[in-house]
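Visitor: I am new to this structure. Please pick a single part and take me through it closely, then show me what lies around it.

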Amino acid sequence: MRNDKENLIVNLTYAFALKVIKFSEELRSFQKFEMASQIFRSGTSIGANIREAQNAESKRDFIHKFKISAKEADELEYWLKLCEGSEFYPSPDETLFKELHVIIKIISKIISSSKKP
């Protein structure tokens, strides 16, 4: 059953997804539709899976959803680095990378602490 009290990682990933949407729209304004879609999907999926984990049917399911979020975060970092490294794409704001790294650390900690008996 879902717990509706304040949840740091849920709130962080929601706010982060809004920033990802903004950057993907910036890419669309440069007609970089494929990259915008990749960034949009992976960047918003992080929080969507964490939100879904809040309704997990078991501890194993909870961990699984967080592992999916971790994979999506890694994928997003890849797409953002491609934008940063390519002369043909606008670079994402450095705060996007910093916030992503904070989220990755929190997700990793939640996964490792959830595995403990």
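Guide: A polar contact is a pair of N or O atoms within 3.5 Å; within protein, one must be able to donate a hydrogen and the other to accept it, and residues adjacent in sequence count only if both atoms are side-chain atoms. This is a predicted model, in which local features need pLDDT of at least 70 and side-chain atom pairs pLDDT 80 or more, while totals for chains, interfaces and linings use all residues. Residues are numbered from 1 along each chain as its sequence is written, and side-chain values use heavy atoms, without hydrogens or water.

The part to look at is helix H4, residues 94-114. Helices are DSSP runs (H or I, at least four residues), numbered from the N terminus. H4 has 21 residues and should span 30 Å at 1.5 Å a residue (times one less than the number of residues). Its end C-alpha atoms are 30 Å apart, which agrees with that span.

The N-terminal end of H4 is capped by aspartate 93, with a side-chain oxygen 2.8 Å from the backbone nitrogen of threonine 95.

Along H4, the buried residues (under 20% relative accessible area, with a 1.4 Å probe and protein chains only) are Leu96, Phe97, Leu100, Ile103, Ile107, Ile110, Ile111 and Ser114. They cover an arc of only 150° around the axis (taken from the directions from the axis to the C-beta atoms), so they are on the same side of H4. On the face turned away from that side are Lys98, Lys105 and Lys109, which are exposed (over 50%). The buried residues of H4 pack against helix H1 (8-29), helix H2 (33-53) and helix H3 (59-85).

H4 also helps to line the largest pocket: H1 and H4 each supply at least two residues of the lining. A pocket is an open set of points on a 1 Å grid where a 1.4 Å probe fits, with protein on both sides within 12 Å along at least five of seven lines; lining residues have an atom within 4 Å of a point. The lining consists of Lys19, Lys22, Phe23, Glu26, Ser91, Pro92, Asp93, Thr95, Leu96 and Glu99. H1 gives the largest share of this lining, 4 residues. About 150 Å³ of space lies in the pocket.

From here the view moves to the helices that H4 packs against. Isoleucine 21 lies in H1 and is partly exposed (between the two limits) at 30% relative accessible area. Leaving aside neighbours within four places in sequence, isoleucine 21 is in contact (heavy atoms within 4.5 Å) with Phe40 and Thr44. Isoleucine 21 and aspartate 61 are 40 residues apart in sequence, and their C-alpha atoms are 27 Å apart.

In H2, serine 45 is buried, with a relative accessible area of 15%. Its contacts, again without neighbours within four places, are Ser69 and Glu72. Asparagine 49 is also in H2, and at 10% relative accessibility counts as buried. Under that same exclusion, asparagine 49 is in contact with Lys65, Ile68 and Ser69.

The loop between H1 and H2 holds glutamine 31. Glutamine 31 is exposed, at 61%, and its phi is near 60°, a positive value in a residue other than glycine. Most residues other than glycine have a negative phi.

Note on methods: Points joined across faces, edges and corners; volume = space filled by probe spheres on them.
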